[in-house]
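Hello,

Here is the structure I promised to pass on to you. Have a look at it first, and then read on for what turned up in it.

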Amino acid sequence: PAALRETFLGPAARGRILLDGAEEPRGFVTLLPTYNTVKGQPGFFLADVFVRAEHRRRGLGRALIAAATAEAAREGGAFLWWTSLPRNAAAHAFYAALGAEEEVLHAHTLDGEALARLARQAP
């Protein structure tokens, strides 16, 4: 929780978090600024889309993603980009219904010791 507060709400916040519900959030999305060199435009990576199970299938996910697109546009973002797991068919159908285009790609990550090891090799 402390790292999330610092990243999304702290004085040097690097991302945005949009919550639905003040007392007990029903859902949230997180946005991180990015840039697409092919398009030559800034945009946002939609890092998280989460709706509590008891609030799903009521339009909340759609509303949160719509709020994310509005926030991105307000900040000068020309696109919103995100990933989903191949096995998450329900999410794929939901995103297609929003009008999202699916791109086939491979995601790669370096973390933990692999990240530290490569960082130590930097000139």
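Arg26 is partly exposed, with a relative accessibility of 34%. Its side chain forms a salt bridge with that of Asp20, at 2.5 Å from N to O. The partner sits on the other side of the cut-off: Asp20 has a relative accessible area of 18% and is buried, because buried means under 20%. Please keep in mind that all of this comes from a predicted model.

That pair is part of a wider set, as the search of the whole structure finds 6 salt bridges. Another of them joins the side chains of Arg16 and Glu71, with 3.3 Å between N and O. This pair ties together distant parts of the chain, 55 residues apart: Arg16 belongs to strand S1 (residues 16-20), and Glu71 to helix H2 (residues 60-74). Arg16 is partly exposed at 25% relative accessible area, while Glu71, at 12%, counts as buried.

Which other side chain meets Glu71 in a salt bridge at 2.9 Å, N to O? That one is Arg74. Here the two partners are local to each other, since both Arg74 and Glu71 lie in helix H2, 3 residues apart, or about one turn of the helix. Arg74 counts as exposed, with 60% relative accessibility. Through shared partners, salt bridges join Arg16, Glu71, Arg74 and Glu75 into one network.

Now to the nonpolar side of things. The largest nonpolar core holds 14 residues, and Val29, Leu31, Leu46, Ala68 and Leu80 have the most contacts inside it. At least two core residues come from each of strand S2 (27-36), strand S3 (41-51), H2 and helix H3 (89-98). Which of the elements gives the largest share of this core? It is H2, with 5 residues. So helix H2 supplies core residues and also carries Glu71 and Arg74 of the salt-bridge network.

If you want one core residue to click on, try Leu46. Setting aside neighbours within four places in sequence, Leu46 is in contact with Val29, Thr30, Leu31, Ile65, Ala68, Leu80, Trp81 and Trp82. Among those partners, Val29, Leu31, Ala68 and Leu80 are also listed with the most contacts inside the core.

For the overall picture, the chain has 4 helices and 4 strands. Read from the N terminus, the elements run α-β-β-β-α-β-α-α. The C-alpha trace spans about 50 × 35 × 30 Å along its principal axes. Of the 123 residues, 21% count as buried. Taking contacts between residues at least 6 apart in sequence, 45% join residues at least 24 apart.

Finally, a few surface and charge numbers that may be handy for your setup. The accessible surface of the chain comes to about 9,100 Å², and carbon and sulfur atoms account for 55% of that. The chain has 14 positive and 13 negative charges, and the mean positions of the two sets are 2 Å apart.

Happy to talk any of this through.

Best wishes

How values were computed: Residues are numbered from 1 along each chain as its sequence is written. This is a predicted model: local features need pLDDT of at least 70, side-chain atom pairs count only at pLDDT 80 or more; totals for chains, interfaces and linings use all residues. Side-chain values use heavy atoms; hydrogens and water are left out. A salt bridge is a side-chain nitrogen of Lys or Arg within 4 Å of a carboxyl oxygen of Asp or Glu. Buried means under 20% relative accessible area, exposed over 50%, partly exposed in between (1.4 Å probe, protein chains only). A nonpolar core is a set of buried Ala, Val, Leu, Ile, Met, Phe, Trp, Tyr and Cys residues joined through side-chain atoms within 4.5 Å. Contact means heavy atoms within 4.5 Å. Accessible areas come from the Shrake-Rupley method with a 1.4 Å probe; for residues, only the protein chains shown count as cover. Lys and Arg count as positive and Asp and Glu as negative; His and the chain ends are not counted. The place of a charge is taken as NZ of Lys, CZ of Arg, CG of Asp or CD of Glu.
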